[in-house]
Amino acid sequence: MSISTHATRSTLGVVASTIVRFVNWASKTRSFVWMMELYGYSEKVILRLTGAQIRQITLSLESGSTGTATCNAYWIAQHISDIPASTGLPNSAATVVLLYFHGGGYCSETAWNGSVMHFNNIKAFNAASILYPESKELRLAVLTVDYALAPKSVWPSQLNTAVAAFKYLNQVHSTFNIKSLIVGGDSAGGHLAIHLLNTIASTTSLAALPLQPNASWFISPWVDPTISVTPFSIQVDLVSRKASENFSRWTFGNDDREIRDRDLYRMSPIKLPARNYIVYGGAEILAKAIELFIEQLKNDNDFVDGIDGLLIENHAGMPHIFPTLPPLPSLSASVKKARQTFIDHFFHSFEKNSVYGRLCSEMKSISTM
């Protein structure tokens, strides 16, 4: 090994250990929360500068739920006509809605964290119609939810908020031309999205509503909040074991009765929609637990892998929630790949008349023969 290579690795080791120590310290104080909120609001500024259309709504929570009585959610779209009731008239284009929940261990971040990623996906999704003329009226809009944070609002207040967002979409469904509903989230938001999907499937009144999720998208889902599954190796990640343990304790407490709600890799059955996309980093501390979770999903659901069921991408060397991070040179290739997969897996399969959609239908028919 050359002296320069050894020096570079030593420098990286020092930087990495410094980051871990900072995250461990910051997770015990308000500084981590403030830092993530500041980063989220910087994304909001970028959205405004790049011409994104934004509309705030207020979700009302049912009486008896913990936490606040209301919370905010935000529509993000490329054109104002893609947002419900923005013009007072039904939208003319068929809209795919992504109901999205941000991460942060239920203790930090806001609905704005990851919003630049949303707008990039929206523009790419809408631009796909240029290549597929039969789908030219298909649009993407994102509804991202600002649920109340722990420790002030503990579980299951976040789940109650997610249910309220789902009911809101059903209220506007009659006048808003929603073609498909994707439910997704990153990290703790992925944890929340999974719980919402299971709650919808197991609650008669929710399962009877006209608009139902037919796809899901999970980015580095927080399936093991206490990091009880030993990682593949000692990883240097954006989240540390200590920080995750703190967030878990503040959200769920220390009662073992909450393990079912907390540790998703232990949960069964887990019922997901027909199309699902899970993307995570091979270098993240949750990688092994996510793989255990995926095996459980395969046992609980009858998927046609890679066609109309469960699509999985493990990006080697990538950290936790990498698709939501700034476009650093070391991340850009994987971020672009994840964005293209989002388009390929959702846009074309939602359009039944497209070549991809017909292929999905034909392959599914063959697999059931």
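# Reading a predicted fold, feature by feature

Residues 24 or more positions apart account for 79% of the contacts in the protein chain with a separation of 6 or more. The model is predicted.

User: Happy to start with the overall picture. How many helices and strands does the chain have, and what share of its residues is buried?

Analyst: Welcome! The secondary structure comes to eleven helices and eight strands. Of the 369 residues in the protein chain, 53% are buried.

User: How should I read the sheet, and in which order do its strands lie?

Analyst: The general idea comes first. Strands of a sheet pair through backbone hydrogen bonds, either parallel or antiparallel. Here, eight strands form an open sheet with mixed pairing, in the order β1-β2-β4-β3-β5-β6-β7-β8. Its edge strands, β1 (53-60) and β8 (310-315), each pair on one side only. On average, neighbouring strands of this sheet are turned by 20° against each other, with direction ignored.

User: Which strands pair in the antiparallel sense, say at the β1 end?

Analyst: β1 and β2 do, over eight bridges. You can locate the register from Thr58, whose bridge partner in β2 is Asn72.

User: Which helices pack on this sheet, and at what angles do they run?

Analyst: Take two of them. Helix α4 (residues 157-173) packs on the sheet and touches β1, β2, β3, β4 (138-146) and β5 (178-186); its direction makes about 115° with that of β1. Helix α5 (residues 188-202) lies across β3, β5 and β6, and runs at about 135° to β5.

User: Let's look at β6. What covers its two faces: buried or exposed residues?

Analyst: A general rule helps with that one. In a regular strand the side chains alternate between the two faces of the sheet. In β6, Ala215, Trp217 and Ile219 are on one side, Ser216 and Phe218 are on the other, and all are buried. That agrees with the count for the strand, where five of five residues are buried.

User: How does β6 pair with its neighbours, in the parallel or the antiparallel sense?

Analyst: Parallel in both cases. β5 and β6 pair that way over five bridges, and β6 pairs with strand β7 (residues 275-281) in the parallel sense, also over five bridges. Ile219 is a handy residue to click on: Asp186 stands opposite Ile219, and in β7 the bridge partner of Ile219 is Val279.

User: Now the aromatic residues. How many aromatic pairs does a search of the whole structure find?

Analyst: Twelve. Tyr74 and Trp112 make one of them, a tilted pair with 4.6 Å centre to centre and 40° between the planes. This pair links distant parts of the chain, 38 residues apart: Tyr74 is in strand β2 (residues 70-77), and Trp112 is in the loop between β3 (94-101) and α3 (115-127). Both Tyr74 and Trp112 are buried.

User: Why is the pair of Tyr100 and Trp217 tilted?

Analyst: The ring planes of Tyr100 and Trp217 are at 50°, with centres 6.1 Å apart, so the pair is tilted. The cut-offs make this clear: planes under 30 degrees apart count as stacked and over 60 as edge-to-face. Tyr100 in strand β3 and Trp217 in strand β6 are 117 residues apart, so this pair too links distant parts of the chain. Tyr100 is buried, with a relative accessible area of 0%, and Trp217 counts as buried at 2% relative accessibility.

User: Which residues do ring pairs link into a cluster?

Analyst: Tyr106, Tyr147, Trp155, Trp222 and Phe252.

User: How do I read a buried residue such as Ile122 in helix α3? What is Ile122 in contact with?

Analyst: Start from its place in helix α3 and its 0% relative accessibility, at which Ile122 counts as buried. Leaving aside neighbours within four places in sequence, Ile122 is in contact with Ile76, Ala77, Gln78, Leu140 and Val142. Leu140 is 18 residues away along the chain, and the C-alpha atoms of Ile122 and Leu140 are separated by 5.6 Å.

User: What about a charged residue that is buried? How far from Asp224 is the nearest side chain of opposite charge?

Analyst: That side chain belongs to Arg266, 5.9 Å away, and Asp224 has no salt bridge. Asp224 is found in the loop between β6 (215-219) and α7 (241-252). Not counting residues up to four places away in sequence, Asp224 touches Val229, Ser244, Asp263, Tyr265, Leu286 and Ala289.

Note on methods:
Residues are numbered from 1 along each chain as its sequence is written. This is a predicted model: local features need pLDDT of at least 70, side-chain atom pairs count only at pLDDT 80 or more; totals for chains, interfaces and linings use all residues. Side-chain values use heavy atoms; hydrogens and water are left out. Helices (H or I, at least four residues) and strands (E, at least two) are DSSP runs, numbered from the N terminus. Buried means under 20% relative accessible area, exposed over 50%, partly exposed in between (1.4 Å probe, protein chains only). Lys and Arg count as positive and Asp and Glu as negative; His and the chain ends are not counted. A salt bridge is a side-chain nitrogen of Lys or Arg within 4 Å of a carboxyl oxygen of Asp or Glu. Contact means heavy atoms within 4.5 Å. Rings of Phe, Tyr and Trp (its six-membered ring) pair if their centres lie within 6.5 Å; planes under 30 degrees apart count as stacked, over 60 as edge-to-face and the rest as tilted. Two strands pair if DSSP finds at least two bridges between them. Axes are lines fitted to C-alpha atoms, for helices over the stretch in contact, and angles run from 0 to 180 degrees between N-to-C directions.
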